[in-house]
Structure formats: C-alpha cells, structure tokens
Amino acid sequence: MEAIIMLVLMFAIFYFLLIRPQQKRQKQVKEMHSNLQKGDRIVTIGGIHGTIDALDEDKIIVAVENDHKLTFDRNSVRDVVNED
C-alpha cells in the first residue's frame, strides 16, 4: 500500500513540476504564433532580428537591414519584441 502511495505522490510531483509548466509554455507559444501581425518586431529561433513584412497561414516574410527580406516558417519565431 505504501508503494502505491509513493508512486502516486511521485507522479503528482512530476506532473506539477515538469508536465504542467511545459504545457503552459506550449500554449503561450502557440498563442503568440497565432497573434503575429505585420509590423511586429521579432527574433527568430536562429537569432535573426527583423520586422514582419507579410504573413500567411504558415510562413512569414521578415524585413531585415538594408531592405533584405527573408522567408521563415511561422514556427521559427521565438519572441515578439515590440516596444509597447
């Protein structure tokens, strides 16, 4: 009986310390990706800083220095860094 209680307790600790925070983070990232708009200043997972010039369902076009434009998957955005 004690072994079952210990297993349940270990699973609860594992869930609240690892699984639940990861699910919250995934939800926040998904929400950020769905709320991207033209003109947002972003940082990609590769560290490229730029401004969204155009976007569609799964791709974005990012304007970087000297009017160069790069195309990325929407999932490659790490952060939106608008100065609000």
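**Exercise 1.** In which sense do strand 2 and strand 3 pair, and over how many bridges?

*Before you start.* This is a predicted model, in which local features need pLDDT of at least 70 and side-chain atom pairs count only at pLDDT 80 or more, while totals for chains, interfaces and linings use all residues. Residues are numbered from 1 along each chain as its sequence is written, and side-chain values use heavy atoms, leaving out hydrogens and water.

*Solution.*
- Step 1: Find strand 2 at residues 49-55 and strand 3 at 59-63; strands (E, at least two residues) are DSSP runs numbered from the N terminus, as are helices (H or I, at least four).
- Step 2: Check the pairing, which requires at least two DSSP bridges between two strands. Strand 2 and strand 3 are antiparallel, with 4 bridges.
- Step 3: Look at the link: the two strands form a hairpin with 3 residues between them.

**Exercise 2.** Follow Ile-60 from its strand to the nonpolar core.

*Solution.*
- Step 1: Ile-60 is the bridge partner of Leu-55, and Ile-60 also stands opposite Phe-72 in strand 4.
- Step 2: On strand 3, Ile-60 and Val-62 form the covered face, whereas Lys-59, Ile-61 and Ala-63 form the uncovered one.
- Step 3: The largest nonpolar core has 8 residues, including Ile-60, Val-62, Phe-72 and Val-77. Such a core is a set of buried (under 20% relative accessible area, 1.4 Å probe, protein chains only) Ala, Val, Leu, Ile, Met, Phe, Trp, Tyr and Cys residues joined through side-chain atoms within 4.5 Å.
- Step 4: Beyond four places away in sequence, Val-77 touches Ile-60, and among its other partners are Met-32 and Leu-36; contact means heavy atoms within 4.5 Å.

**Exercise 3.** Which residue in the turn between strand 3 and strand 4 has a positive phi of about 60°?

*Solution.*
- Step 1: Strand 3 and strand 4 run antiparallel, joined by 5 bridges, and their hairpin has 5 residues between them.
- Step 2: Asn-66 in that turn has a positive phi of about 60°, although Asn-66 is not a glycine. Most residues other than glycine have a negative phi.
- Step 3: Asp-67, in the loop between strand 3 and strand 4, also has a positive phi of about 60°.

**Exercise 4.** Is Leu-17 buried or exposed?

*Solution.*
- Step 1: Locate Leu-17 in helix 1, residues 2-34.
- Step 2: Leu-17 counts as exposed because its relative accessibility is 62%, and exposed means over 50%.
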